[in-house]
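Please find below some notes on the model, set out point by point for reading alongside the coordinates.

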Amino acid sequence: MLFLSDLDGTLMDSNGNVTDEDVECIHQWTQKHAFGFVTGRDRAFCVALASKYQLSCEYMITDNGANAYYKDKNVYSSLIDLSEGIQMCKAILAYNLDLFYTDEAGNRYYPISCYGKERLHVFKKKQPSLGLFSDVDLIEYLNTRHFGLAKLSMYVEKDLDLILNQFRGLFENYEVMATSKDYIEITRKGTNKWEAFCHLPVEDAIFIGDGENDLCILEKLNDTYVMEHAPESLKAYGVCVKSVAEAMNIESRKENV
């Protein structure tokens, strides 16, 4: 059986850490079963996280469903057209938001030419979990790419709901979603975690999540868990638990009945 876990707010805390209890339960689980991540994060981040905690993680759905991997092989991609992505970036910059793009190797690019290095420095202090940023300007980098974009990310410090509605009107041919209380991300139309899941070599799985972008999976799978801090609207779609470890322990007890 495959156990899939969301990362931010589910397996990881706000500092990007995983509890010892969760790590131990995953290690025990993977002695008999498979495990994987389902996240808005990029693959490079997921690989580094799995390595840090020595987790066996054969399955990964990343970038809010824009990519899916099985045993290090990309089995599905849903990318924004490059030229359209560049035009979208230019439109977003008019809103003075902290926009960035993360490439396949985990390098992050910021509109340095537009905002300046000092603003990037301030942004990095606000969001230290994002890690290092390239010295290359975002638009300059995109002009050198030869294929599409997984997602565009932007930090929205205030008026998120207002900006979200504006962007949904402006970019109506794309998926525009709030992935946390201060982030908006844009992906290709039809991109979501469930669509990516359908391209993995597995028919069924157990899933745990905590965000609105997890609903597409929560409402489809039979065995699902929802973190207790999740929005009330999600709690009807899974067993409410305090941790990944609690969910795994429940599943393990089912096997032993």
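1. In this predicted model, eight strands form an open sheet in the order 5-4-3-2-1-12-13-14, and the pairing is mixed. Strand 5 (73-77) and strand 14 (239-241) stand at the edges with a single partner strand each, so one side of each has no neighbour in the sheet. From one strand to the next, the twist averages 20 degrees.

2. Within this sheet, strand 12 (residues 206-209) pairs with strand 13 (residues 223-227) in the parallel sense, over four bridges, and F207 stands opposite T224 in strand 13. Helix 2 (residues 43-52) packs on the sheet, where it touches strand 2 (34-38), strand 3 (59-62) and strand 4 (67-70), and its direction makes about 140 degrees with that of strand 3.

3. For helix 3 (residues 82-93), a rise of 1.5 Å a residue predicts that its twelve residues should span 16 Å, and the end C-alpha atoms, which are 17 Å apart, agree with this. Its buried residues are L82, G85, I86, M88, C89, I92 and L93; because they cover an arc of only 160 degrees around the axis, they lie on the same side of helix 3.

4. The largest nonpolar core contains 40 residues, and those with the most contacts inside it are F123, L152, M154, F167, I184 and I186. Helix 3 gives the most to this core, contributing six residues. Leaving aside residues up to four places away in sequence, I184 touches several residues, including L152, M154, L160, F167 and V176. A second, separate core has 30 residues, among them L11, M12, C46 and V244.

How values were computed. Residues numbered from 1 in each chain as written. Predicted model: local features only at pLDDT ≥ 70, side-chain atom pairs only at ≥ 80, totals over all residues. Heavy atoms only, no water. Helix = DSSP H or I, 4+ residues; strand = E, 2+ residues; numbered from the N terminus. Expected span 1.5 Å × (residues − 1). Buried < 20%, exposed > 50% of the residue type's maximum accessible area, 1.4 Å probe, protein only. Arc of directions from axis to C-beta. Pairing = 2+ DSSP bridges. Axes fitted to C-alpha atoms, helices over the stretch in contact; angles between N-to-C directions. Contact = heavy atoms within 4.5 Å. Core = buried A, V, L, I, M, F, W, Y, C linked by side-chain atoms within 4.5 Å.
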